[in-house]
Amino acid sequence: MNTIFLKSRREIDRMRRAGLLVTEAHRIVESMIQPGITTAELDQAVEALFEKHHAKPLFKGFPGPVPFPAVCCISVNDEVVHGIPGDRVLQEGDIVSVDTGCKLNGWCGDSAWSYPVGQVDAQKQKLLEVGEAALLLAIEQVEHCQMWSEVAARLAEFIEKNGCSSVEDFVGHGIGQEMHEDPQVPHFVDKTTLENDFELRPGLVIAIEPMVNAGTKRVTITEDHWTVVTLDGKPSVHFEHTVAITPDGAEILTPRASELAKRGIKGEFQENG
Ligand code: MG
Ligand code: MG
């Protein structure tokens, strides 16, 4: 049974602020990614940004077998999600997925993106394209479908049609004053998806976050208790936006800085913007 908190226009306005700070985190991370940088350095930059704006990092201390130790999840190549930042040095040809979220003035934003490190091979390049296109397709379909299961079906079909697989062990989520609220937002359709299906109506805010694998959809967790890796060792990508359904359609609350720039909006987070 879902307990979905629909958000008012004013509440979505406040979530937009949190989302834009997450946008800024990704803008900074993307500008830093290059061969030779460590995943800890990326994490520290995001931590400093959140501190500067008095935002609460949502991932640090997140409960698990051991509390999550960092502000970002950073997952490289065959790592799907929940990678722990550390002294790993990014290499030319890697794919690095960065997922982060914060709570600003009581409201949450959550977004993940996968980035190439220098030049990547054709398989990884295709995976990046399919993953990003899958997320954007889902957001577009939110406006055309009545129930989430219809979106999930089209999302999964798109991923499979492109020779990739959609991870089923982890799902998206409602988001608001808490990072994880109802409903669960799966990127595939099975019995549970249909049982817990929900209507796409104004006021709904969800994090849509397909995890797309080049090979098998099957994943496993490593000894650090957090890092999720593909079972076949093939690469994986993760693309996530916080999305609000408003009377005008679906709005991405964590837009890419490059998208804002196209619309003539300065990417940098403004304290009173
Ligand atoms: Mg996330
Ligand atoms: Mg999320």
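A polar contact here is a pair of N or O atoms within 3.5 Å; within protein, one atom must be able to donate a hydrogen and the other to accept it, and residues adjacent in sequence count only if both atoms are side-chain atoms. One such contact, 3.0 Å in length, joins the side chains of Asp 110 and His 173. The model is a predicted one, in which local features need pLDDT of at least 70 and side-chain atom pairs count only at pLDDT 80 or more, while totals for chains, interfaces and linings use all residues. Residues are numbered from 1 along each chain as its sequence is written, chains are lettered from A and ligands numbered from 1 in the order in which they are written, and side-chain values use heavy atoms, with hydrogens and water left out.

Asp 110 is a handy place to start. Asp 110 sits in strand 5 (residues 107-116); strands (E, at least two residues) and helices (H or I, at least four) are DSSP runs, numbered from the N terminus. Asp 110 is buried, and Glu 240 is too, where buried means under 20% relative accessible area, exposed means over 50% and partly exposed is in between (1.4 Å probe, protein chains only). Despite being buried, Asp 110 has no salt bridge, and the nearest side chain of opposite charge, that of Lys 7, is 12 Å away. For that count, Lys and Arg are positive and Asp and Glu negative, with His and the chain ends not counted. A salt bridge is a side-chain nitrogen of Lys or Arg within 4 Å of a carboxyl oxygen of Asp or Glu.

What Asp 110 does have is metal. The magnesium ion (ligand 1) takes its protein donors from Asp 99 (OD, listed twice), Asp 110 (OD) and Glu 240 (OE), at 2.0 to 2.6 Å. Donors are N, O and S atoms within 2.8 Å of the metal (3.2 Å for Na, K and Ca), and water is not among the atoms, so sites may look incomplete. Along the chain, the donors of ligand 1 follow the spacing D-x10-D-x129-E. Asp 110 lies in strand 5, whereas Glu 240 is in the loop between strand 13 (236-238) and strand 14 (241-246), so this pair ties together parts that are 130 residues apart in sequence.

The magnesium ion (ligand 2) lies 3.1 Å from the magnesium ion (ligand 1), with Asp 110 coordinating both. Around ligand 2, the donors are Asp 110 (OD), His 173 (NE2), Glu 209 (OE) and Glu 240 (OE), at 2.1 to 2.3 Å. Their spacing along the chain reads D-x62-H-x35-E-x30-E. Distant parts of the chain are linked here as well: His 173 is in strand 7 (residues 172-174) and Glu 209 in the loop between strand 9 and strand 10, 36 residues apart. His 173 counts as buried at 5% relative accessibility, and Glu 209 is buried at 7%.

Two of the helices can be described in similar terms. Helix 2 (residues 39-52) has 14 residues and reaches 20 Å from its first C-alpha to its last, close to the 20 Å expected at 1.5 Å a residue; the expected span is 1.5 Å times one less than the number of residues. Its buried residues include Leu 42, Asp 43, Val 46, Glu 47 and Phe 50. The buried residues of helix 2 pack against helix 1 (9-32), strand 1 (56-57), strand 2 (72-76) and strand 4 (95-104), contact meaning heavy atoms within 4.5 Å. After helix 2 comes His 54, with a positive phi near 55°.

Helix 4 (residues 148-161) also has 14 residues and spans 20 Å between its first and last C-alpha, close to the expected 20 Å. Among its buried residues are Trp 148, Val 151, Leu 155, Phe 158 and Ile 159. Their cover includes helix 3 (122-144), strand 8 (181-185) and helix 5 (191-195). Gly 163, just after helix 4, takes a positive phi of about 75°.

As for charge pairs, the whole structure holds 10 salt bridges. In helix 1, Asp 13 and Arg 16 are 3 residues apart, about one turn of the helix, and their side chains meet in a salt bridge (2.8 Å, N to O). Asp 13 is partly exposed at 35% relative accessible area, and Arg 16 is partly exposed at 28%. Glu 195 and Lys 191 form another salt bridge (3.2 Å, N to O), and both are exposed.
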